[in-house]
Amino acid sequence: MIVPLISIILLCPLAAFAVFGLFSLANRRFPRQDYLSTVAMLAALVCSFLLLREVVPTPEPHTVNWISLGGVTFSMGFYLDSVTVIMLIVVTLVSSLVHIFSMGYMHGDPRYPRFFAYLSLFSFSMLFLVVSDNLLGIYIGWELVGLCSYLLIGFWFEKDSAANACKKAFLTTRVGDVGMFIGMMMLFTKFQTLSLYGEGGIFAQAAAQLSTADMVWLSIAGVLIFCGAIGKSAQMPLHTWLPDAMEGPTPVSALIHAATMVAAGVYLTARMFPILTETSSLVIAYVGGITAIIAATIAIVRFDIKRVLAYSTISQLGYMMLAIGAGSYVAGLFHLTTHAFFKALLFLGSGSVIHAFHAMHAHAHDDEHEHAHEHEHGDHDAPGHEHGEDSDSGHILGSEIPPDQDMRNMGGLRRKMPITFVTMLIATLSISGVPFIFSGFWSKDKILAGVLERAMEWNSVHHYLLFVMTLLAAGITAFYMFRLIFMTFFGEPRNQEMHEMAHESPLSMTVPLIVLAILSFPVVNTLWFNKDYVKPPPQPHLHAPQHAYLAPDSKTGGQSVALSLFGVSEAVAAEEEGGHDTHADDGHHGHGPAHTIAMVLSIIVAGSGIFLSWLFYHRRTLSAESVATTFRPIYNLFWHKYYFDEFYDGVLVALTVWKSRLFAQFDGSVVDGIVNGVGTVTRDILAAFVGIFDNRVVDGLVNRVAQVTWAIGGKVRRIQTGAIQTYLFVVLAGIVLLILIFRAL
Amino acid sequence: MTLQHYLVISAILFTFGIFAVLTRRNAISILMGIELILNSCNLNFAAFSRFMTPPEDISGQIIAIFGIVLAAAEAAVFLAIILAIYREFGSIRPDEVDTLKG
């Protein structure tokens, strides 16, 4: 049943796209592309749920040979384990809801059917990536989702900012993909296959053949493959494309740039889990950790509601990377799924808010097109924008944010849009890690506990540092998410005119919000709490470090260091003594000391983040402006997004442009000079000689032949008398002559 | 009557035919010459068939009959061509129709 079910899952969205393509060839439109795509997605969703029962503890890949080149055969196939099936459900579920949401959100767009066709193509690509059992298939899906991302970010390509953003996204991720391809080729040259699973797969071969001498090589390959994930999952330093990708329609941001495609990087890293070494794990964890913090701090100062969510996404993806790098396989993927739901919900909610304001604009500007009006604004984060020195109050940039996405125009919306408010609040509580009743708390807690446990077990200063990063990012996350909620839904409306016009969104938009809100509770994520359902694969190349970093004598020493580091009382330590010897089987520990500490600390940081946010943005006992003025350099750093864009713009882009100019000049003077010189020599000297030769010799010969023929013809024509009887006589005479000759012979 | 008799008569017919075709100044007379030639051929076929092959083999005679049919069809085409030529040139004298003269 596995293969037919997976085939249906893949073919449904592909067929929906193919219908669009075939109709386009005939210059027509399928009448209800939106229904077609949505139904295809729902069918895939049903099949994904049916697959839940097909998962076996030790799955085998289902493959067919695809291409044989010399002695090497590339196979294509499916691999279905518990992670695959969960990813399938997440992708199809979020995709279906986004389809439904888009029917409301994109209504009236001139390219409405095309939007759904692209969504279908994207869903197919993403599902293909998820079920592939080999790196080649993953790579194909990988590039396809990149293409769809490009098409959908640039969906409103009339806007310059959208056109620039899609190019930026495509090129930036390409940088990572090159690294990924090199990593794949490294594995290929070593193992002569790109299949991951099964007898001759990379994992089996790596476990069997590689010695400790190969670890450096394997680390490099792992990090290179992770480069692809850096690009796709918008990790530092290739994260700059994701905020700009918000130029796309909001449902796209929810589906591609929050829930699925950007999570593909995490999924790939998780798939590579068995060949990660200490070094590559650490690189992954650090990249994730640094990304989580940097993106979270940038999110604090954004005013564009979608960009806050974009940076939040980057930050959360960093979290997942960190989890996988720190060995918390299950926790990382758990957070991937919970994040997919609540972040999709946040994006759709923001879309609902934007839609409410959009409608106002459409009304105010009569029948002007939705995005035609956006065209006037846009260009907020487009590269090359110089922000003024004193932009800390944000007013200079204010004009660049579309007014319907600017949180400073919102406020008090909770009465106007109750459903959007409640659902977004649930998602915010979930992402902030409000304890016990929200899924985000459990997944985040699992990550924190996993990292801390690894730190205690290995006595590794790196992992303690990573743990601090996670905590810090968690606190900041809670802060900026509640900042968003307070600015948008609480307080007094700041723009009275806009507020008057705002309204709750239609049913097609609120229903997906409600469904996603339900999914933000842990009740529906029970699979992850089942210890036997998702098991981390073994990591044969990962060994605990030989020397302990902090306390070389015992683990207890390390633990006490940890406890004093985080200011937890000795009593807790004593109470949990002896619990730390549980092997780090990836978050499947019960309530070890690490777990308790992590839980307590995460509640504390989340609570303080929310409290601060409340003080700043609701009670207004603290003024954000005054704090910004006090810590102006830091504020500027956050405001300018750590100058990443400026750096890329000022160094990489400028360097490329300068190089191009140089080459252009070289082309213009040297290359063109040579070409023109050769041209002149040829025309004026060679061609003259050849011309004379042609005119005299060749033409002369031809003319002479013609003259001779003409002269002979003039003589011979006399034979042709036109009298039939003469001809006959000649014929008869000829025959008589022939007879006489043959007789004589 | 031996084969020689037939062949001699056939040869005489053929010669008359050729003479008519080469010398007559009237297209109709040329046609008559051609008919003579054809009939001399038919006569040869019949004669050879009679004298040179077993009595049950009559293929030569049959070819002669086909030849007669052919001659009739050919005469029709020839007359049609003559009519067309007459319309074009106002004459049916072959020496006056010399458009193909080089």
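**Close-ups of a two-chain predicted model**

**View 1. Helix α28 of chain A has a kink of about 40 degrees, centred on A:Ala687.** The bend at a residue is the angle between axes fitted to the seven residues ending there and the seven starting there. Helices (H or I, at least four residues) and strands (E, at least two) are DSSP runs, numbered from the N terminus. This is a predicted model, where local features need pLDDT of at least 70 and side-chain atom pairs count only at pLDDT 80 or more, while totals for chains, interfaces and linings use all residues. Residues are numbered from 1 along each chain as its sequence is written, and chains are lettered from A and ligands numbered from 1 in the order in which they are written.

**View 2. α28(A), residues 644-716, falls short of a straight helix.** Its end C-alpha atoms are only 92 Å apart, against 108 Å for a straight helix of 73 residues at 1.5 Å a residue (the expected span is 1.5 Å times one less than the number of residues). The helix is hardly covered, too: of its 73 residues, the buried count is one. Here a residue is buried if 20 or more other C-beta atoms lie within 10 Å of its own, exposed if 12 or fewer, and partly exposed in between, with C-beta atoms placed from the backbone.

**View 3. The largest nonpolar core has 208 residues.** Such a core is a set of buried Ala, Val, Leu, Ile, Met, Phe, Trp, Tyr and Cys residues joined through C-beta atoms within 7 Å. A:Val94, A:Leu127 and A:Ala344 are among those with the most contacts inside it. Helix α14 of chain A (residues 329-364) chips in the most, with 18 residues. Zoom in on A:Val94 and you find A:Leu255, A:Ala259, A:Thr260, A:Ala340 and A:Ala344 touching it, leaving aside residues up to four places away in sequence. Contact means that two C-beta atoms, placed from the backbone, lie within 7 Å. Across chain A, 49% of the 745 residues are buried.

**View 4. Chain B is an α-α-α chain.** It has three helices and zero strands, and 14% of its 102 residues count as buried. The C-alpha trace spans about 50 × 25 × 25 Å along its principal axes.

**View 5. Chains A and B meet through twelve residues of chain A and ten of chain B.** On the chain A side, six of the touching residues are nonpolar, four polar and two charged. Nonpolar covers Ala, Val, Leu, Ile, Met, Phe, Trp, Tyr, Cys and Pro, charged covers Asp, Glu, Lys and Arg, and the others, Gly among them, are polar.
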